[in-house]
Amino acid sequence: MTSTTGSIPFRDNAAQASHDATLRAARHNAMDEFTRMNQFAASATRAGAIVHRARDGAAAREIVGSILKDRGVSKVVKAKSMISEEIGLNTYLEEQQVEVVETDLGEYIVQLAGERPSHILAPAIHKSRQQIGKLFAEKLDSPYYDDPRILTSIARKALREKFLSAEAGITGANFAAADTGSLAIFTNEGNGRMVTTLPPLHIAVLSIEKVIPSLGDLATFIRLLPRSATGQVLSAYLSVVTGTRKEGEATGARELHIVLLDNGRWEILDGDYWEILKCIRCSACINACPVYRTVGGHAYNTTYSGPMGIVLSALLDGMERSHPLLDATTLCGACDEVCPVKVPLTKLFYALRERKVEEGFASSLERKGMEAFGVAAKFPPLFYTGQSLARRFWSMVGKIGSGVVGERLPRPAEKTFRKRMSGK
């Protein structure tokens, strides 16, 4: 409660706030983003779109479901959209008796298999062509093949029927231009263009950080995203959708709805981890991460895997659920080196690990072990003694930590680095 005694020390408060660089940066980021959101909504509306704002995933699902229900839609085709995975849109619509078909080949494969994507760019990267051949034979009633070209043609034939009969198309957006209200969608298969032009109704669901100031700024990301994602100079297809079908145009949706999703982003933007919202979902950090390359995407059990997924999951899903993911990094810094927009992922890992300990999610054994290491590291003789004892009793360490981590740790060297360097 605000005190009613004495005058408000505004000048002192203002002086303190104006010298707080972190507060100033967060405030400017939040205000710039808020202004940009309003500009995008106004521009998209002028172009013929209807703009909705969703506070969280539940609100976004209800908006999409209501639009489809009001128009009697029962068949929907979708372009690949991680934001729809984040809010569980497919499951929700299927519960509403709406048939939802993923049209990105990788997404189509994992949908048929009843699985989640294992990679934000290549959803079915964990499956072999033999596994896909068996899946198509079972689900699409086709002969077994393991030739990628034949499998692709089988999927194309099945999906073409879905495109032509769909009553609505749902997409995300890689970027959205505030000055024109345009949506930019990058694909390599052309399915995004089919989803946005064939059905009479197009619904785009995107999170607020996808909005950029102008269509002119898109040129930078046209060069940046494909190179960082797949090494291409340009994605095979880049669709820029501005409003609804115009007079004289042969294709395009006659009705466009855009759902701007917050789902915790405003809170992130106003906090210490706002830089993660610079992420353009190129997956460069995922491809470079030694942990992801070892365990794969499903081990994370989250929408977003890899380094960027660790940070986003901790912030969007909460520390209670996501704190184990903070161990899924070696802190090698490979993700920092390859990130095209310079998200300081390693710095964010450190900060979130501190939060993990402060909020009581580190085990007592882990805390005691780190405290013991800290003490030993301060006193070289104690540290060297620990090294010697570790070599002698390492077999016991493996037994104590069996099934957890001890048995996977490398055995201590017979001669320490210090001894090798001194020639002893």
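This passage looks at the nonpolar cores of a predicted model, then at one buried residue and one surface patch. Residues are numbered from 1 along each chain as its sequence is written, and side-chain values use heavy atoms, without hydrogens or water. Because the model is predicted, local features need pLDDT of at least 70 and side-chain atom pairs count only at pLDDT 80 or more, while totals for chains, interfaces and linings use all residues.

A good place to start is the inside. The largest nonpolar core has 66 residues; such a core is a set of buried Ala, Val, Leu, Ile, Met, Phe, Trp, Tyr and Cys residues joined through side-chain atoms within 4.5 Å. Helix 14 (residues 306-317) gives the most to this core, with six residues; helices here are DSSP runs (H or I) of at least four residues, numbered from the N terminus. F175 is among the residues with the most contacts inside the core, and its partners beyond four places in sequence include L183, F186 and I280 (contact: heavy atoms within 4.5 Å). A second, separate core of 19 residues includes V195.

Next to V195 in sequence comes T196, in helix 9 (residues 191-197). With a relative accessible area of 6%, T196 is buried (buried: under 20%; exposed: over 50%; partly exposed: in between; 1.4 Å probe, protein chains only). A polar atom of the T196 side chain lies 3.0 Å from the backbone oxygen of G192. The C-alpha atoms of T196 and V77 are 9.5 Å apart, although 119 residues separate them along the chain.

Finally, F379 sits in the loop between helix 18 (364-378) and helix 19 (380-392). F379 counts as partly exposed because its relative accessibility is 47%.

Note on methods:
Helix = DSSP H or I, 4+ residues; strand = E, 2+ residues; numbered from the N terminus. Polar contact = N/O pair within 3.5 Å; in protein donor to acceptor, adjacent residues only side chain to side chain.
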